[in-house]
2 protein chains.
Amino acid sequence: MASNAQPVSAKTPVTLREVAASAGVSVATASKALNGQGRMTAETRERIRETAQRLGFRPNSLAQSLLRRRSFTVGLLTNDTYGRFSLPVMSGISDALVDKGVSVFLCNVEDDKRLGQLHVDAMLDKRVDGIIATGKRIDRHLPVDLSNLGVPTIYAFTQPDPGAIAFVSDDAGGARLAVEHFCRLGRRRIAHVTGPASFAVVHARAQAYRDVLTEKGLPVMEPLLGSWSEAWGHEAVKKLFDGKLSKSGDEKPDAVFCGNDQIARGVIDALRERGLGVPDDVGVIGFDNWQIVAEATRPPLTSVDMNLAALGREAGLTLLSLVGGEPAEPGIRKLPCRLVVRQSCGRLPDG
Amino acid sequence: MASNAQPVSAKTPVTLREVAASAGVSVATASKALNGQGRMTAETRERIRETAQRLGFRPNSLAQSLLRRRSFTVGLLTNDTYGRFSLPVMSGISDALVDKGVSVFLCNVEDDKRLGQLHVDAMLDKRVDGIIATGKRIDRHLPVDLSNLGVPTIYAFTQPDPGAIAFVSDDAGGARLAVEHFCRLGRRRIAHVTGPASFAVVHARAQAYRDVLTEKGLPVMEPLLGSWSEAWGHEAVKKLFDGKLSKSGDEKPDAVFCGNDQIARGVIDALRERGLGVPDDVGVIGFDNWQIVAEATRPPLTSVDMNLAALGREAGLTLLSLVGGEPAEPGIRKLPCRLVVRQSCGRLPDG
DNA sequence: CTTGGTTGGGAAAAGGTTTTCTCTTGTTGG
DNA sequence: CCAACAAGAGAAAACCTTTTCCCAACCAAG
């Protein structure tokens, strides 16, 4: 609102030399005046500052970077083009860095080794201060070798090289959250429907599921592995409610913990088609907290959120401290998940 | 693969000076040798090349940029953090630029003026060669003024400033594709269920819908405006099949053209609940071709694709030609949509 | 009047590359 | 044998900023 006279944006950026000339001083003095360095009369400093302001001077970041050997730039590699996983991560990274004046090169390498090398080389040529790798799966490498690059590297939600620093979601912890929540709500026969065995997280979550039920002395049904799709959710309901499941016989599940939100959606739809009420007859919890799915589901889906933005933020801040020369322990840091309770899981009876 | 002896990645990058020293020539000669400039014996050139290779020399992009006043870097502004719209656009841009050695700064400005200015300033300081603005809506401005920046600017899938160059989807054309496809399939009573009136595309598509039906001499039902949600799709089916719609009376729609894929999904689910078969009784076409929704729908959803990646590619290439000094007409370029036929729209009766 | 310290400011190098200009040497034609 | 010329390679300026070092002037004290 304060109507600052905006300097007219020049076709060619104004340099420190021009500022100095216009203020009648040397470039050295001008530089010092603007950076609060050196000794000079207050008037001189102020005059130079005003001149710079009037001319719309902004220091050339390239020249600064060349001198300081620090570009205030980081590279972000991903193979998750349309990713609902890496996007929140990116967003968190960006959040963490923008305040420090650091810009992010986003590079999608798909699963193409050539493209990966291309992008990494371009980053190094542009003297990025560091690199963050992210992806669509926690248990797969990007198609490019990031060890020994000469710049700090952090892995976020992707498979790290040995000896590196990585941030990933605590999938087992997330699964515990969901199953324990069901237990607290008094559900007794909790099933688990999840994705394909080729995903590491499938096993981590399934094991946590078994662990919690064992701890609580509740019956463990063997997790149903399938695909990450609604269709599989549908099909799994058929298996759960038509077949005989465990030795304990004919009792049907009163809760289903699903490996992702799409499966959960399929499960809920299939339950409705059978005339089973969600959450009254069967509680359902999903995973990923993919908002657009979770909120469109009837009833809205309770789901485990992996806190990916926070994960990205941590990765960004850690990279920055690495760039600043501070040491950091290598290793994998698991960040906790969080249960977002909506209506599909039910409430305590006496609520 | 040819086992090239990979140069050991040095902690500190090797400079041209070191290459020159190692090859026993001056930096000038070394530079010319590597760039194919100047005159020298083939042996000298080759020797320098080999030395550079051996040392793993890569020119410092910052120094080059400083000299050439060209950073091989562009800024990409968006306000679509989790966007399924701007992400394909970005992907297209990146595709178009990576081959030319241009890297992309991705900056999410949300809808925050301060953040926008912050990012734009950072870009200008880093001497980007150009800026591309994209967003989540074609009829809204980013929260930042990009006119008169001193660098070429292109708008892609967002509201341009007057006199700028912009690429947007041809929503009217896309709607025509859908409605005409229904006509070709012999559908006669085609309804339109779409989003809120506050979106310009809603009107553009609705008008195209009316135009096509009028041209074909088919009855025009007033488009139903609501929200972009599944729930609205559900509700709209109620209105379409319970109420009396147009003067022509009691005939129910045999096709529904939906404003996006989520609405279409809601429509299909609601039709199924009424015992109406898709596509046999009613054909359905969506918009956006959001793959994960379109393919999970039963039956898989026919949908209009806005070709956003192509749009991004065009934007990227145009920006590059602008940076190269070639002139370009200002104005809005509408890029055609494409109908992705799956199973929800039906086929010709005789196949 | 010297000496020593302080104050305000400038000159120059550094950062890494590209490019223009200049210089040396060898070759060819007269 | 000399002039003219081409080839091969180096010196230096330029890009823009930061920082170190240095200089001139001024002041007070001895």
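**Two protein chains and two DNA strands: a short presentation**

Good morning. Helix 2 (27-35) and helix 4 of chain A, together with helix 2 (27-35) and helix 4 (61-68) of chain B, each supply at least two residues of the surface near DNA strand C. Please keep in mind that this is a predicted model.

Let me stay with DNA strand C. The strand is surrounded by 26 residues, and the closest are A:T29, A:K32, A:R69, B:L16 and B:Q64. Helix 2 of chain B gives the largest share of this surface, four residues. By class, the surface near DNA strand C holds twelve nonpolar, nine polar and five charged residues.

Which part of DNA strand C lies within 4 Å of the protein, sugar and phosphate or bases? Of the atoms of DNA strand C within that distance, 59% belong to sugar or phosphate, and the rest belong to bases. Individual atoms illustrate both kinds of approach. On the phosphate side, a polar side-chain atom of A:T29 lies 2.5 Å from a phosphate oxygen of DNA strand C. A:S26 uses its backbone instead: one of its backbone N or O atoms is 3.1 Å from a phosphate oxygen of DNA strand C. On the base side, a polar side-chain atom of A:K32 is found 2.7 Å from a base oxygen of DNA strand C.

I turn now to DNA strand D. Here too 26 residues surround the strand, and the closest are A:L16, A:Q64, A:L67, B:T29 and B:M40. Of the atoms of DNA strand D within 4 Å of the protein, 65% belong to sugar or phosphate and the rest to bases.

Three phosphate approaches may be noted on this strand. From chain A, a polar side-chain atom of A:N35 lies 3.3 Å from a phosphate oxygen of DNA strand D. From chain B, a polar backbone atom of B:S26 is 2.9 Å from a phosphate oxygen, and an N or O atom in the side chain of B:T44 is likewise 2.9 Å from a phosphate oxygen of DNA strand D. The elements giving two or more residues to this surface are helix 1 (16-23), helix 2 and helix 4 of chain A, with helix 2 and helix 4 of chain B. Helix 2 of chain A provides the largest share, four residues. The surface near DNA strand D divides into eleven nonpolar, ten polar and five charged residues.

A word on annotation. An unreviewed UniProt entry lists residues 14-68 of chain A as "domain: HTH lacI-type". In the model, residues 14-68 of chain A are 71% helix and 0% strand, with the end C-alpha atoms 21 Å apart.

Finally, I come to the interface between the protein chains. How many residues does each chain bring to the contact? Chain A brings 47 residues and chain B brings 47 residues. The area buried between them is about 4,300 Å², with carbon and sulfur atoms giving 55% of it. In chain A, the residues losing the most area to chain B are A:L62, A:K126 and A:R127, together 15% of what that side buries.

Eight salt bridges are counted between chain A and chain B. In one salt bridge, the side chains of A:R58 and B:D121 meet at 3.7 Å, N to O. Across this interface there are also 14 residue pairs in polar contact. Helix 6 of chain A gives the largest share of the side of chain A that touches chain B, six residues. That side comprises 22 nonpolar, 15 polar and ten charged residues.

Thank you for your attention.

Technical notes
Residues are numbered from 1 along each chain as its sequence is written. Chains are lettered from A and ligands numbered from 1 in the order in which they are written. This is a predicted model: local features need pLDDT of at least 70, side-chain atom pairs count only at pLDDT 80 or more; totals for chains, interfaces and linings use all residues. Side-chain values use heavy atoms; hydrogens and water are left out. Contact means heavy atoms within 4.5 Å. Buried area is the accessible area (1.4 Å probe) that two parts lose on being put together, summed over both. A salt bridge is a side-chain nitrogen of Lys or Arg within 4 Å of a carboxyl oxygen of Asp or Glu. A polar contact is a pair of N or O atoms within 3.5 Å; within protein, one must be able to donate a hydrogen and the other to accept it, and residues adjacent in sequence count only if both atoms are side-chain atoms. Ala, Val, Leu, Ile, Met, Phe, Trp, Tyr, Cys and Pro count as nonpolar, Asp, Glu, Lys and Arg as charged, and the others, Gly among them, as polar. UniProt positions are given in the numbering used here, feature names are shortened, and annotations may be inferred rather than shown by experiment. A residue is near a molecule or strand if one of its heavy atoms lies within 4 Å of it.
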